[in-house]
Amino acid sequence: GRVIAKGNAGYGGDSSRVQDRLRNVQQLVSTLRAFAAILENGSVVTWGHDEYGADSSNIQHQLQEVRHVHSTDQAFAAILSTGRVVAWGLHQW
């Protein structure tokens, strides 16, 4: 499916910068102020407040063949098809 977010950008309410990539969404997960969407091809798209997990740019190359994403208040953890876990967001969480 598709996702469209409207609202306060600091809370993930503005998905316009990633809107063109939000197609074939299979799962949607949130922290307090960010979202992560798993796409049909196993990649992940994130948006919202960077300190709450929206900035996945440093690990984006690792977010392939993602099966599930779980979240805390300020971080995400992705489980890959290999069983490996990739985490991002505020490191204390």
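**Exercises on a three-stranded sheet**

In this predicted model, 3 strands build an open sheet ordered E4-E5-E6, with antiparallel pairing.

**Exercise 1.** Find the edge strands of this sheet.

*Solution.* Start from the order, E4-E5-E6. Next, look for strands that pair on one side only. These are strand E4 (66-71) and strand E6 (85-89). Now compare directions: neighbouring strands of the sheet are turned by 20° against each other on average, direction ignored.

**Exercise 2.** Trace how strand E5 pairs with E6, and state over how many bridges.

*Solution.* Locate strand E5 at residues 75-80. Strands of a sheet pair through backbone hydrogen bonds, either parallel or antiparallel. Here E5 and E6 pair in the antiparallel sense, over 5 bridges. Then pick one residue, alanine 78. Its bridge partner in E6 is valine 86.

**Exercise 3.** List the elements of the protein from the N terminus on, then judge whether the protein is as compact as a globular protein of that length or not.

*Solution.* Count first: the protein has 6 strands and 0 helices. The run is therefore written β-β-β-β-β-β. Then take the radius of gyration, 12 Å. The globule rule gives 12 Å for 93 residues, so the protein is as compact as a globular protein of that length.

**Exercise 4.** Describe the protein's extent, burial and surface.

*Solution.* Along the principal axes, the C-alpha trace spans about 35 × 30 × 20 Å. Buried means under 20% relative accessible area. Such residues make up 42% of the 93. The exposed area is about 5,300 Å², with 47% of it supplied by carbon and sulfur atoms.

Definitions and conventions: Residues are numbered from 1 along each chain as its sequence is written. This is a predicted model: local features need pLDDT of at least 70, side-chain atom pairs count only at pLDDT 80 or more; totals for chains, interfaces and linings use all residues. Side-chain values use heavy atoms; hydrogens and water are left out. Two strands pair if DSSP finds at least two bridges between them. Helices (H or I, at least four residues) and strands (E, at least two) are DSSP runs, numbered from the N terminus. Axes are lines fitted to C-alpha atoms, for helices over the stretch in contact, and angles run from 0 to 180 degrees between N-to-C directions. The radius of gyration is taken over C-alpha atoms; the globule rule is 2.2 Å times the number of residues to the power 0.38. Buried means under 20% relative accessible area, exposed over 50%, partly exposed in between (1.4 Å probe, protein chains only). Accessible areas come from the Shrake-Rupley method with a 1.4 Å probe; for residues, only the protein chains shown count as cover.
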